[in-house]
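Good morning. Please have the sequence and the model open while I talk. I will go from strands to helices.

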Amino acid sequence: MGCKGPKARLARHALRGGLVLACVALTPATGVASPAYRPDSDATVLERLPASAELQQLQPLRDAVETFPNRLAPALELARAYIELSRQRADPRYLGYAEATLEPWSTGASPPIKVLRATIAQSRHEFEDALVLLNQVLDRDPGNAQARITRATIRQVQGRIADAASDCQQLAGHTAVLVVVICHSNARSLKGDLDGAYDELSRTLKSTPGVPATLRVWALTSLGEMAVRQGRDEIARAHYEDALKIAPDDIYLQAAYADLLLRHGEKARVIQLLREREGQDVLLLRLALAGAGTEDGRRWATTLADRFDAAARRGDTTHAREQARFTLVIEQEPERALALARANWDVQKEPADIEVLLRSAQAAGQPDAAEPALAWLSTHSYQDQRIRALISDLQSTSQ
Amino acid sequence: MSIARRAVVLLVCVFWAAMPASAHKPSDSYLNIDTRGEQVEGRWDIALRDLEYALGLDGNADGAITWGELKSRRAVIFAYALGRLSLARGATCTTRAGGLQVTDHTDGVYAALDFSADCPDQGASLTVGYRLLFDIDPSHRGLLRLDSSAGTHTAVFSPARARQTFDLGSVNAVQAFLQYLVQGIHHIWIGADHVLFVLTLLLPAVLVRESGRWLARTSVRSAVVEVTRLVTAFTVAHSITLALAVLGFVDLPSRLVESTIALSVVVLALNNLVPIIPQGRWLLVFGFGLIHGFGFASVLGDLGLPAGALAVSLVGFNVGVEIGQLAIVAVVLPVALLLRGTTFYRLAILGLGSAAVAVVAAYWFVTRAFGY
């Protein structure tokens with residue numbers, strides 16, 4: 001593994017440091033305190049806590065952790081519950097609570113703790129930190145399926161598709177066949193065999209009886225994404241809509257579906273779908289895009305700009321991809337968008353990252369800036385109808 | 001572990017792995033500290049959600065935090081927060097709770113905690129120790145904005161960087177002197193009451209009162225001597241009280257000071273019309289100068305004096321006031337000298353002018369003293 005030793009550590013800090021610098025430097029700074037006030041009445045509701053019920057459910061477990069600080073089992077269970085909540089609510093505070101729960105155990109070598117800590121790091125896009133932990137686990141226990149699939153996902157996000165595919169293959173025999181096929185077909189679809197990957201996953205999904213809901217959503221979302229790259233938007237739409245029937249609040253899925261609708265000009269549908277979901281930056285971006293030119297759209301855009309500003313103040317770069325797209329399409333500042341997209345490209349290399357980099361380079365009139373992405377695309381024989389069109393636009397600009 | 005159970009555990013993790021990072025904002029607090037005044041002042045915005053998780057604000061457990069619930073926990077909140085913040089400037093500062101308000105940030109409502117800190121030593125650096133929420137959420141960050149006379153610092157506190165020291169700028173003495181000198185000039189020029197006072201003082205100085213009538217002074221020299229005497233009396237007087245007030249020896253209510261300043265202009269203007277004290281006006285001016293000094297002090301109080309350059313700044317401000325005054329003299333005196341022999345000067349400028357000043361200043365007096 002290439003992530004050991006001081007040199008590698010230095011390199012990964014430099015990488016992340018570069019993205020932090022870019023995001024902070026490229027975000028207009030404010031930082032002036034907002035006005036404070038005293039509400040008129042004692043009965044004024046300041047804040048509703050959607051999560052208080054869930055937290056109360058966890059209370060017995062929290063008590064157990066407090067009462068038996070030397071027992072690992074309750075701590076693991078509580079950390080898992082927090083991580084699950086962070087996923088459901090898309091709320092990073094729970095990741096922090098999980099981290100605090102694991103804190104007393106963090107120096108230990110227990111694989112389940114390392115896997116959970118890696119999951120937390122991965123959720124924060126601290127990919128290299130996560131990989132260090134996962135490598136340690138897998139070196140000792142190559143059959144650890146959780147560690148294996150988490151590493152496959154990270155490698156895929158990083159654009160290391162062959163490494164991801166290798167992890168997926170090694171999952172075989174350690175987990176359900178459908179999990180292996182989703183994992184592997186995703187990697188396969190990104191390295192020159194899009195059609196074969198789609199067919200493999202589609203066939204396996206149909207022939208597998210009693211697929212659990214979460215797994216079905218994952219498979220359908222993957223199929224939708226592949227169909228989009230095949231240029232078959234109608235098929236993709238059907239997959240997304242099937243998945244949304246099972247998981248209507250799934251943020252990742254909603255964002256993918258909204259992007260498809262936006263491409264077809266169905267702005268009203270996007271707004272109708274996401275209106276109540278302003279709290280999620282990823283979805284707020286889609287709202288701002290759908291509402292562009294309207295009063296609501298301006299409000300959404302302002303809120304999102306404030307959120308990026310707040311994130312930049314703490315050095316948070318999890319939404320560099322969204323920020324680049326926002327800067328390009330809404331703020332229409334291609335050069336700043338290009339700088340963000342390039343810094344983001346150093347960290348993640350998924351189809352959306354390719355797209356925002358190519359579009360920014362095109363808009364900024366700097367086709368050469370897209371060179372790293374173009375090199376990656378040709379190495380991987382990457383297939384994507386829309387990206388192909390973007391590249392030919394870009395090449396006609398540079399000529 | 002059965003295959004089924006293992007698959008369920010795995011599924012959860014599979015999904016975590018497949019999902020992009022979450023969208024809600026992680027926990028931040030916004031800590032603003034201002035060291036430009038004599039005292040360190042601060043405001044600390046802490047998310048209600050975080051306070052709820054740490055302290056439990058939702059008294060009736062209905063999932064909603066009301067202003068009443070928040071207010072009722074004021075003491076607990078301040079004790080919790082200020083207990084996790086340490087400030088040291090030379091030596092450890094004592095923090096004191098101030099008002100509790102609320103404020104809006106991009107991800108919800110925050111409690112806004114005002115506080116102040118007494119630092120025994122006006123050291124040139126401030127060390128901030130921050131450990132709010134780190135024990136229950138290590139991803140919490142404290143975002144500091146520090147305003148000092150050296151400029152504005154921003155910093156992020158994390159468990160790995162929980163203690164940081166900031167240079168408050170060993171304030172450059174020359175810079176401070178010049179900066180406050182400009183402030184002094186500026187203040188005298190924009191303060192209509194001081195300008196009118198000086199004008200009212202100058203107008204009769206080129207004349208002399210003899211057997212109930214104003215006559216032009218024959219020599220320029222005697223006029224200049226008289227002006228010098230008056231301006232010096234005013235300057236010495238207001239320098240004394242300015243220093244006393246700034247250094248904290250005397251503190252008068254601003255309403256009293258401001259209305260007495262207006263009254264001093266009224267009296268001086270009336271004295272030009274019906275001279276009660278034709279000779280030795282400098283004594284009257286000296287007395288009024290004492291009051292004007294308190295007025296200057298309140299301006300300086302608003303500006304704030306840089307720690308470590310207190311004396312220099314005070315002198316700079318005072319010199320600025322003198323320069324501003326002398327500039328007025330330099331413009332007005334030659335004209336007054338030129339016109340002093342004319343009836344126009346005695347009737348229109350001195351007579352009507354003083355009457356107009358008296359009316360304006362009387363109006364100020366009434367509004368300042370009685371708050372109309």
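Glu47(A) stands opposite Ile65(B), which is in β3(B). The two strands involved are β2 of chain A, residues 45-48, and β3 of chain B, residues 64-66, and they pair in the antiparallel sense over three bridges. Strands count as paired if DSSP finds at least two bridges between them. The names come from DSSP runs, numbered from the N terminus: helices are H or I with at least four residues, and strands are E with at least two.

Before I go on, a word on the model. It is a predicted model, in which local features need pLDDT of at least 70 and side-chain atom pairs count only at pLDDT 80 or more, while totals for chains, interfaces and linings use all residues. Residues are numbered from 1 along each chain as its sequence is written, and chains are lettered from A and ligands numbered from 1 in the order in which they are written.

Now the contact between the chains. How many residues of chain A are in contact with chain B? There are 66, and they meet 55 residues of chain B. Contact here means that the C-beta atoms, placed from the backbone, lie within 7 Å. On the side of chain A that touches chain B, helix α16, residues 295-314, gives the most, with seven residues. That side of chain A has 28 nonpolar, 21 polar and 17 charged residues. For these classes, Ala, Val, Leu, Ile, Met, Phe, Trp, Tyr, Cys and Pro are nonpolar, Asp, Glu, Lys and Arg are charged, and the others, Gly among them, are polar.

Next, a sheet with strands from both chains. It is an open sheet of seven strands with mixed pairing, in the order β1(A)-β6(B)-β7(B)-β2(B)-β1(B)-β9(B)-β10(B). Which strands are at the edges? They are β1 of chain A, 36-37, and β10 of chain B, 151-157, each pairing on one side only.

Inside this order, β6 of chain B, residues 94-105, runs antiparallel to β7 of chain B, residues 108-118, and 10 bridges join them. Thr94(B) stands opposite Asp118(B) of β7(B). Helix α4 of chain B, residues 74-82, packs on the sheet and touches β2 (40-47), β6 and β7 of chain B, with its direction at about 70 degrees to that of β7(B). Angles run from 0 to 180 degrees between N-to-C directions, and axes are lines fitted to C-alpha atoms, for helices over the stretch in contact.

At the other end of the order, β9(B) and β10(B) are antiparallel and joined by seven bridges. They form a hairpin with two residues between them. Leu143(B) has Val156(B) in β10(B) as its bridge partner. We also meet α16(A) again: this helix lies across β1 (28-34), β6, β9 (141-148) and β10 of chain B, at about 85 degrees to β9(B).

Chain B has another open sheet, of four strands in the order β5-β4-β8-β11, with antiparallel pairing. Its edge strands are β5 (91-92) and β11 (163-167). Strand β8 of chain B, residues 125-130, is joined to β11(B) by five bridges, and Gly129(B) stands opposite Arg163(B) of β11(B).

Now to helices. In chain B, the axes of α7, residues 220-246, and α10, residues 310-339, come within 11 Å and cross at roughly 155 degrees. These two helices, α7(B) and α10(B), are therefore roughly antiparallel, a label given to angles over 145 degrees, with under 35 as roughly parallel, 65 to 115 as roughly perpendicular and the rest as oblique. Their crossing is right-handed; that is, the near helix is turned clockwise from the far one by less than a right angle, whereas anticlockwise is left-handed. By class, the contact of α7(B) with α10(B) has 11 nonpolar, four polar and one charged residues.

In chain A, the axes of α13, residues 251-263, and α14 come within 8 Å and cross at roughly 160 degrees. That makes α13(A) roughly antiparallel to α14(A). The crossing of α13(A) with α14(A) is left-handed. Helix α14 of chain A, residues 267-274, also crosses α15 of chain A, residues 281-290, at roughly 145 degrees, with the axes coming within 9 Å. This crossing, too, is left-handed.

That is all from me.

Key: Contact = placed C-beta atoms within 7 Å.
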